[in-house]
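Reader: Hi! I have a model open here and would love to talk it through with you. Shall we start with the metals?

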Amino acid sequence: MTDRLARLRKTLARKNLDGIVVTQPQNIRYLSGFTSPDALLIITQSGRGLAADKALLATDFRYFEQVADQSPHFELLALKDKPHETLGACWAELHEQGLYRLAYEKTHLTVDRHKRFRQVLPRRVRFRGTEGLVEDLRMVKDDAEIDAIRRAVLLGDAAFMAVAPRLNPGMTEKAVAWQLEAWAREHGAERASFEFIVAGGPNAAKPHAVQTDRPIQEGEPVTVDMGVVVDGYCSDMTRTFCLGEPDSKFREIWHIVLEAQEKATAGIRAGVTGQAIDTLARDVIAQAGYGENFGHGLGHGVGLAVHEAPGLSQRYPKPLPAGSVVTVEPGIYLTGWGGVRIEDMVVVRANGAEVLTTTPKTLTNQLTK
Ligand code: ZN
Ligand code: ZN
């Protein structure tokens with residue numbers, strides 16, 4: 001964790017900032033280990049006078065013990081009845097010691113909170129909105145993070161493999177979603193990483209379908225998109241299958257999506273852009289005549305958040321760093337019929353993709369076929 005602070009301080013130096021106030025909950029957890037969102041961090045630059053090298057965690061009485069347990073390398077700033085007065089005093093002191101340029105996370109801080117912070121900051125302090133400073137650090141996972149992600153992936157896989165073969169026509173989407181989540185929770189998941197998608201038939205034509213009370217029918221596409229959290233880290237996986245015998249249409253679409261996924265996965269290695277990988281999958285689907293029916297990006301980073309940097313999409317022209325973890329999830333969606341999506345999680349390595357997901361890819365819920 002101290003290494004993470006050192007990396008953040010390098011970023012601050014490069015951006016000519018004296019410090020940053022971190023309010024985004026996953027960024028707080030990443031830098032400090034503190035798991036409650038009711039806190040903020042103040043981290044200052046190294047080597048700039050007396051205000052240098054501060055790492056403060058501001059929170060209230062409910063969490064004092066938790067700070068000592070989870071974040072021993074942070075100094076506690078105890079927020080009393082009027083938290084902004086405490087913060088103001090702290091900032092004034094840091095300013096006295098040489099803090100002039102303080103960053104905040106503009107994609108997270110609310111307008112209201114910004115106003116209140118500004119009111120208690122010394123007038124001469126420049127309060128500057130920044131974007132993605134900590135998120136960029138979070139992209140590259142260390143071994144402990146990859147280990148937690150792997151455990152989340154394997155638990156999600158185990159839930160799917162235990163529940164999917166037992167599904168029968170007539171079960172509702174909601175019931176299937178609950179069986180999957182209950183199995184994962186009973187076997188150690190902290191929670192679901194997002195509300196599971198279980199979508200049958202026409203509902204599967206919506207990439208982000210909401211679970212309904214509609215019973216699943218034999219022979220129609222059923223998309224299950226699920227993920228669980230272990231030690232704060234998320235998994236994310238999608239399979240589309242049918243109950244009973246798949247028809248020729250389902251087979252055709254399913255195999256195109258699988259080919260797109262395999263081509264893209266084979267192209268992944270550190271240094272290749274997210275855009276180039278997205279193109280690999282998109283070309284397969286376009287050549288098969290379904291280019292218009294793949295309307296979302298190919299994948300996204302996963303970590304403490306289920307959607308984070310880097311991206312695999314036409315909007316991500318930057319190279320993928322080694323140690324990042326991404327999903328590969330092409331899909332084809334046909335209004336009125338349904339859709340097929342297949343999603344795995346992979347670690348980006350120097351020489352290729354290390355696939356974490358172990359759930360078999362099969363046309364039916366009988367996972368050997
Ligand atoms: Zn997913
Ligand atoms: Zn995903």
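Author: Happy to. Keep in mind that this is a predicted model. The zinc ion (ligand 2) takes its protein donors from Asp236 (OD), His300 (NE2), Glu329 (OE) and Glu343 (OE), which lie 2.1 to 2.2 Å from it.

Reader: What kind of arrangement do the four donor atoms make around the zinc ion (ligand 2)?

Author: An irregular one, because the angles they subtend run from 77 to 152°. To count as tetrahedral, all angles would have to lie between 85 and 135 degrees.

Reader: And how are the donors of the zinc ion (ligand 2) spaced along the chain?

Author: The spacing is D-x63-H-x28-E-x13-E. His300 sits in strand 13 (residues 299-301), while Glu329 is in the loop between strand 15 (325-328) and strand 16 (331-334), so this pair ties together parts that are 29 residues apart in sequence.

Reader: Are His300 and Glu329 buried or exposed?

Author: Both His300 and Glu329 are buried.

Reader: Nice. Which residues coordinate the zinc ion (ligand 1)?

Author: Asp225 is listed with two OD donors, and Asp236 (OD) and Glu343 (OE) complete the set, at 2.0 to 2.6 Å. The donor residues of the zinc ion (ligand 1) follow the spacing D-x10-D-x106-E.

Reader: How far apart are the zinc ion (ligand 1) and the zinc ion (ligand 2), and which residue coordinates both?

Author: They are 3.1 Å apart, and Asp236 coordinates both. Asp225 lies in strand 9 (residues 222-226) and Asp236 in the loop between strand 11 (233-234) and strand 12 (237-241), so these two tie together parts that are 11 residues apart in sequence.

Reader: What about the angles around the zinc ion (ligand 1)?

Author: Its four donor atoms subtend angles of 55 to 146°, so this arrangement is irregular too.

Reader: Is Asp225 buried or exposed?

Author: Asp225 is buried, because its relative accessible area is 4% and the limit for buried is under 20%. Asp236 is also buried, with a relative accessible area of 4%.

Reader: Switching topic: how many disulfides are there?

Author: The count comes to zero. As for cysteines, Cys90 is buried at a relative accessible area of 9%, and Cys242 is buried at 0%.

Reader: Now the helices. At what angle do helix 4 and helix 5 cross?

Author: The axes of helix 4 (residues 83-96) and helix 5 (residues 111-120) cross at roughly 50° and come within 8 Å. Helix 4 and helix 5 are therefore oblique to each other, and their crossing is right-handed.

Reader: And helix 7 with helix 8, how do their axes cross?

Author: Helix 7 (residues 143-163) and helix 8 (residues 173-186) have axes that cross at roughly 130° and come within 9 Å. That makes helix 7 oblique to helix 8. The crossing of helix 7 and helix 8 is right-handed.

Reader: Last one, the backbone. Where is there a cis peptide bond?

Author: From Ala309 to Pro310, with omega near 0°. Pro310 is found in strand 14 (residues 308-312). Most peptide bonds are trans, and most residues other than glycine have a negative phi.

Reader: So what is the phi of Asn16?

Author: Near 60°, a positive value in a residue other than glycine. Asn16 lies in the loop between helix 1 (2-14) and strand 1 (19-22), and it is partly exposed, with a relative accessible area of 38%. Asp231 also has a positive phi, of about 50°, although it is not a glycine. Asp231 is in the loop between strand 10 (228-230) and strand 11 and is partly exposed at 40% relative accessible area.

Definitions and conventions
Residues are numbered from 1 along each chain as its sequence is written. Chains are lettered from A and ligands numbered from 1 in the order in which they are written. This is a predicted model: local features need pLDDT of at least 70, side-chain atom pairs count only at pLDDT 80 or more; totals for chains, interfaces and linings use all residues. Side-chain values use heavy atoms; hydrogens and water are left out. Donors are N, O and S atoms within 2.8 Å of the metal (3.2 Å for Na, K and Ca); water is not among the atoms, so sites may look incomplete. Four donors count as tetrahedral if all angles lie between 85 and 135 degrees; four count as square planar and six as octahedral if opposite donors are over 155 degrees apart and all others between 65 and 115; anything else is irregular. Helices (H or I, at least four residues) and strands (E, at least two) are DSSP runs, numbered from the N terminus. Buried means under 20% relative accessible area, exposed over 50%, partly exposed in between (1.4 Å probe, protein chains only). A disulfide is a pair of cysteine sulfur atoms within 2.5 Å. Axes are lines fitted to C-alpha atoms, for helices over the stretch in contact, and angles run from 0 to 180 degrees between N-to-C directions. Angles under 35 degrees count as roughly parallel, over 145 as roughly antiparallel, 65 to 115 as roughly perpendicular and the rest as oblique. A crossing is left-handed if the near helix is turned anticlockwise from the far one by less than a right angle, and right-handed if clockwise.
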